[in-house]
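The following exercises concern nonpolar cores and salt bridges. Please inspect the model before working through the solutions.

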Amino acid sequence: MAYKYFEEYNEEITNNLQENFLDIIKGVGEDPKRQGVLKTPERAAKAMQFLTQGYSMNAEEILKKAVFDETYDEMVVVKDIELYSLCEHHMLPFFGKAHIAYIPNGKIVGLSKLPRIVDVFARRLQVQERLTSDILDCLNDTLQPQGVAVVIEAVHLCMMMRGVQKQNSATTTSGFRGQFKEIETRNEFLKLISSDLR
């Protein structure tokens, strides 16, 4: 299935999730008949389907729909791509920015596809480390560029709202393939994503 704005919900899945969320509401001691939470099970069921819609999307197919022959062979960088995901350990959000670069090898991809690929993998139960690798491997395997780089910076509510409760910590993960293994190329990318060129 190609990328699309998720607006329709599977009725059977929605009903099943609704029952589960109703049990959670009861389980935490809330009155499920209270006005403010009457429709919460349905809303939560639809929200969960939206937040995990990446399972029904094929990132490789999304990329292949916008690949063009081109002789350009310098670095292409798309930075500050907003991302929102759910930690698979506690199902709490983590969010931040992804920075992606690739060096074409005879083919370029439509720029909007890079943020879409981020969304495909972020809209699944995730850990930041695997999210980084998923994006990196998809771009590397599908485009077969001279090199690809991904850096993700995110904050995790599972660290901020519970457990260690550290409010000012952020996590950075990175991955590099091909020419980005070379220090000079990697440093150019890191400099570009850390500077304000606007």
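The exercises below refer to this predicted model.

**Exercise 1.** Identify the residues of the largest nonpolar core that touch the most other members, and the elements that supply this core.

*Solution.* Step 1. The largest nonpolar core holds 31 residues, and those touching the most other members are Ile100, Ile117, Leu131, Ile135, Leu139 and Ile152. Step 2. At least two residues of this core come from each of α3 (59-64), β2 (76-87), β3 (93-103), α4 (113-122), α5 (128-143) and β6 (147-156). Step 3. A second core, separate from this one, has 9 residues, including Ile103, Val151, Phe176 and Phe189.

**Exercise 2.** Determine which residues Leu139 touches, leaving out those up to four places away in sequence.

*Solution.* Step 1. With these sequence neighbours set aside, the contacts of Leu139 are Leu63, Ile100, Leu114, Gln144, Pro145 and Val148. Step 2. Leu139 is itself among the residues that touch the most other members of the largest nonpolar core.

**Exercise 3.** Describe the salt bridge between Glu60 and Lys64 and classify the exposure of both residues.

*Solution.* Step 1. The closest N and O atoms of Glu60 and Lys64 are 2.8 Å apart. Step 2. Both residues belong to helix α3, where 4 residues, about one turn of the helix, separate them. Step 3. The relative accessible area is 35% for Glu60 and 46% for Lys64. Step 4. Residues under 20% count as buried and those over 50% as exposed, so values in between are partly exposed. Glu60 is therefore partly exposed, and Lys64 is likewise partly exposed.

**Exercise 4.** Locate the partners of the salt bridges Glu88 to Arg130 and Asp137 to Arg177 along the chain.

*Solution.* Step 1. In the Glu88 to Arg130 salt bridge, the closest N and O atoms lie 2.5 Å apart. Step 2. Because Glu88 is in the loop between β2 and β3 and Arg130 is in helix α5, this pair ties together parts 42 residues apart in sequence. Step 3. Glu88 is partly exposed at 32% relative accessible area, and Arg130 is partly exposed at 33%. Step 4. Asp137 and Arg177 meet through their side chains at 2.8 Å, N to O. Step 5. This pair links distant parts of the chain, with Asp137 in helix α5 and Arg177 in strand β7 (residues 171-178), 40 residues apart. Step 6. Asp137 is partly exposed at 29%, as is Arg177 at 27%.

**Exercise 5.** State how many salt bridges the structure holds, and name the residues linked in a network.

*Solution.* Step 1. The structure holds 7 salt bridges. Step 2. A network of salt bridges links Lys39, Glu42 and Lys46.

Notes:
Residues numbered from 1 in each chain as written. Predicted model: local features only at pLDDT ≥ 70, side-chain atom pairs only at ≥ 80, totals over all residues. Heavy atoms only, no water. Core = buried A, V, L, I, M, F, W, Y, C linked by side-chain atoms within 4.5 Å. Buried < 20%, exposed > 50% of the residue type's maximum accessible area, 1.4 Å probe, protein only. Contact = heavy atoms within 4.5 Å. Salt bridge = Lys/Arg side-chain N within 4 Å of Asp/Glu carboxyl O.
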